[in-house]
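Work through the exercises below with the model open beside you. Try each task before you read its solution.

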Amino acid sequence: MTKAPRPTQPRVWTSLALATVTLAASPAVADLRPAPVTLAMPQARIWLAQAEGGEAGEAGITAEAPEDSAYLAELMIIQGHMQAARDLYAMGEKDKAVELSKHPQEEGTLAALQAQIAKYQAQDVADEIAALTETMAKGAPQADVDLALSQVAQAFAAAASVKDTEVRARFDAVVLLVKAAAGEYQDAITDGKVEDIMGWHEAWSFIDIARAQLQDLAGQPLAAKAAPKALKALEDVNPAFGDPMAAAPLAGDAQILLGVAAKLELIASSVR
């Protein structure tokens, strides 16, 4: 059974940045590499709070973060929706995949993002997201869905128009993303069972995107020491997921993800 739609809160989008999808399962996109996220921001602390599930929880997690890192996390969250939709489609949950891919438009977050894209005179991403939804809605072969998702990732890469790279902001965005994963994971489980498969797969996709971002950050001089430590810490979430493509998703402990987010926040504090 799937839970009722989760309440949403409006999000404020304040700058332009990028988060990319990574795919492990499909040969069609196996070589797609994460592109760097670019932005500029003042240094500021991210406050670690108990995660709260659902889209409203995601907004709450980013509410006290610096504007640019919050924006990055929100953008990665949208891409996480698309990646989770792809995974659900691959598992045969085609209706849920289409439903999930429509969330950014239905919740208004896509329209808010489009306003910022227009402000920076960058390439829009809405057509690629719509194409992914349409591809899944017509029951296309998996290879076509994977190709549509790769085009979504490319569109987000093209939309990144801010010139300066702020490593700390990117690192902080990863922390926020893992917090959002913890909230989604916790909200997906009721009485020791996964009741919201969409939320569970969102959580996994957020972790997968966080991993890709940390891998890219490892190549940045300012994060050359911190990123490998963060990648090692991120491995601790694995017992909460098991095989993410298993027919029966694992109902683990969301506190595992919260603990990892806390570790990542401490590691991020060393990036100057």
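The exercises go from the whole chain to single residues, and the model is a predicted one.

## Exercise 1: The whole chain

Task: Find how many helices and strands the chain has, in what order the elements run, and what share of the residues is buried.

Solution.
- Step 1. Count the elements. The chain has twelve helices and two strands.
- Step 2. Read them from the N terminus on. The order is α-α-α-α-α-α-α-α-β-β-α-α-α-α.
- Step 3. Turn to burial. The chain has 272 residues, and 54% of them count as buried.
- Step 4. Look at contacts between residues at least 6 apart in sequence. Of these, 78% join residues at least 24 apart.

## Exercise 2: Helices α2 and α3

Task: Work out how the axes of α2 and α3 are oriented to each other, and which residues meet.

Solution.
- Step 1. Locate the helices. α2 covers residues 67-90, and α3 covers residues 94-101.
- Step 2. Take the axes. They come within 8 Å and cross at roughly 170°.
- Step 3. Classify the angle. Over 145 degrees counts as roughly antiparallel, so α2 is roughly antiparallel to α3.
- Step 4. List the residues that meet. From α2 come H81, M82, A84, A85, L88 and Y89; from α3 come K94, K96, A97, L100 and S101.
- Step 5. Sort this contact by class. It has seven nonpolar, two polar and two charged residues.

## Exercise 3: L88

Task: Is L88 buried or exposed, and which residues does it touch?

Solution.
- Step 1. Place the residue. L88 sits in helix α2.
- Step 2. Check its accessibility. The relative accessible area of L88 is 0%, so L88 is buried.
- Step 3. Leave out residues up to four places away in sequence. L88 then touches E93, K94, K96, A97, L100, I197, M198 and H201.
- Step 4. Compare sequence with space. L88 and M245 are 157 residues apart in sequence, yet their C-alpha atoms are 8.5 Å apart.

## Exercise 4: Helices α6 and α7

Task: Describe the packing of α6 and α7, then place T133.

Solution.
- Step 1. Begin with the geometry. α6 (residues 126-137) and α7 (residues 142-158) pack at about 170°, with axes 8 Å apart.
- Step 2. Name the arrangement. At that angle the two helices are therefore roughly antiparallel.
- Step 3. Pick out the residues. E128, I129, L132, T135 and M136 of α6 meet a set in α7 that includes V145, L149, V152 and F156.
- Step 4. Sort by class. The contact of α6 with α7 has nine nonpolar, two polar and two charged residues.
- Step 5. Find T133, also in α6. Its relative accessibility is 11%, so T133 counts as buried.
- Step 6. Set aside neighbours within four places in sequence. T133 is in contact with V98, S101 and K102.

## Exercise 5: An aromatic pair

Task: What kind of pair do Y185 and W200 form, and which parts does the pair tie together?

Solution.
- Step 1. Count the pairs. The structure holds four aromatic pairs.
- Step 2. Take the geometry of this one. The ring centres of Y185 and W200 are 6.4 Å apart and the planes are at 35°, so the pair is tilted.
- Step 3. Place both residues. Y185 is in α8 (residues 167-188) and W200 in α9 (residues 197-217), so the pair ties together parts 15 residues apart in sequence.
- Step 4. Check burial. Y185 is buried at 0% relative accessibility, and W200 is buried at 0% too.
- Step 5. Widen the view. Ring pairs link Y185, W200, W204 and F241 into a cluster.

## Exercise 6: The two sides of α10

Task: Which residues of α10 are buried, and which are exposed on the other side?

Solution.
- Step 1. List the buried residues. In α10 (residues 226-234) they are A226, A227, A230, A233 and L234.
- Step 2. Look down the axis. These residues cover an arc of only 120°, which puts them on the same side of α10.
- Step 3. Recall the helix rule. An α-helix has 3.6 residues a turn, so residues three or four places apart point the same way.
- Step 4. Turn to the other side of α10. K229 and K232 are exposed there.
- Step 5. Find the packing partners. The buried residues of α10 pack against α8, α9 and α12 (254-268).

## Exercise 7: D191

Task: Where is D191 found, and what is its phi?

Solution.
- Step 1. Find the residue. D191 lies in the loop between β1 (189-190) and β2 (193-194).
- Step 2. Read the angle. D191 has a positive phi of about 55°, although it is not a glycine.
- Step 3. Check its accessibility. The relative accessible area of D191 is 75%, so D191 is exposed.

Technical notes:
Residues numbered from 1 in each chain as written. Predicted model: local features only at pLDDT ≥ 70, side-chain atom pairs only at ≥ 80, totals over all residues. Heavy atoms only, no water. Phe/Tyr/Trp six-rings, centres within 6.5 Å; stacked < 30°, edge-to-face > 60°. Helix = DSSP H or I, 4+ residues; strand = E, 2+ residues; numbered from the N terminus. Buried < 20%, exposed > 50% of the residue type's maximum accessible area, 1.4 Å probe, protein only. Arc of directions from axis to C-beta. Contact = heavy atoms within 4.5 Å. Axes fitted to C-alpha atoms, helices over the stretch in contact; angles between N-to-C directions. Parallel < 35°, antiparallel > 145°, perpendicular 65-115°, else oblique. Nonpolar A, V, L, I, M, F, W, Y, C, P; charged D, E, K, R; others polar.
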